[in-house]
Amino acid sequence: MRELRKVLNWKFWGMMLIFGLLIPWVFKQGGSSAQPYSVIISLFALNSIFSVYAGSFLRKNGSFWYLLIIWPLIFLISILLGYVPAIYGYAFAVLYFVLSIFAYTAGQEDDVDIEKQIPIDGGIKGV
C-alpha cells in the first residue's frame, strides 16, 4: 500500500499535466516570434528532461512499466487540442516514450544473472 501511495503522488501527476498541456499552451500563446524557440526550449529540452525524470521516478517507486505510456498520452492530448503542431508532435510523443523507457530500464544491467550463479550440488532438497 505504501508503494501505491508513492506512485499516486499528486505532485508528479500534476507535473505531467503542466509539462504536457500547460507549457505547450503558454508557448502557443506567446505568438509567432517565440514559436521557433518554443520547439527547442519546451518541446525538446524541457519535456525530454521530464521524460527521463518520469521514467526514473516510476522505476524508483516500483511502478509497473505500462504507466510510462501516460506521459506521452497527455502530450498527445495537447496535439489534439492544437497546442503543438501535429507535423512533429507525434514524433516528440514517441521520443518521450522512448526516453521514459530508457530511464525506466537504466541500471538494471546489475540484476542477478541466472546463468552465472553457482549450482547447488545434488539439487534443492525438501525442507
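**Exercise 1. Contacts of S51**

Task: In this predicted model, which residues does S51 touch, leaving out those up to four places away in sequence?

Solution:
- Step 1. List the contacts. S51 touches W71, Y96, L99 and S100.
- Step 2. Place the residue. S51 belongs to helix 3, residues 35–60.
- Step 3. Check its cover. The relative accessible area of S51 is 0%. Buried means under 20%, so S51 is buried.

**Exercise 2. The two sides of helix 5**

Task: Which residues of helix 5 are buried, and where do they sit around the axis?

Solution:
- Step 1. Find the helix. Helix 5 covers residues 86–105, which is 20 residues. From first C-alpha to last it reaches 29 Å, close to the expected 28 Å.
- Step 2. List the buried residues of helix 5. They are G89, F92, A93, Y96, S100, A103 and Y104.
- Step 3. Place them around the axis. These buried residues span an arc of only 105 degrees, so they lie on the same side of helix 5.
- Step 4. Recall the helix repeat. An α-helix has 3.6 residues a turn, so residues three or four places apart point the same way.
- Step 5. Turn to the other side of helix 5. There, I87, A91, V94 and F102 are exposed.

**Exercise 3. A patch on the surface**

Task: Is W25 buried, partly exposed or exposed, and which residues form a nonpolar patch with W25?

Solution:
- Step 1. Locate W25. It lies in helix 2, residues 10–29.
- Step 2. Read its accessibility. W25 has 37% relative accessibility, so W25 counts as partly exposed.
- Step 3. Name the partners. I18, L22 and V26 form the surface patch together with W25.
- Step 4. Give the area. The patch of I18, L22, W25 and V26 has about 350 Å² of accessible area together.

Key:
Residues are numbered from 1 along each chain as its sequence is written. This is a predicted model: local features need pLDDT of at least 70, side-chain atom pairs count only at pLDDT 80 or more; totals for chains, interfaces and linings use all residues. Side-chain values use heavy atoms; hydrogens and water are left out. Helices (H or I, at least four residues) and strands (E, at least two) are DSSP runs, numbered from the N terminus. The expected span of a helix is 1.5 Å times one less than its number of residues. Buried means under 20% relative accessible area, exposed over 50%, partly exposed in between (1.4 Å probe, protein chains only). The arc is that of the directions from the helix axis to the C-beta atoms. Contact means heavy atoms within 4.5 Å. Patches are made of residues with over 30% relative accessible area and no salt bridge: like charges are joined within 9 Å, nonpolar side chains (Val, Leu, Ile, Met, Phe, Trp, Tyr) within 5 Å. Accessible areas come from the Shrake-Rupley method with a 1.4 Å probe; for residues, only the protein chains shown count as cover. A salt bridge is a side-chain nitrogen of Lys or Arg within 4 Å of a carboxyl oxygen of Asp or Glu.
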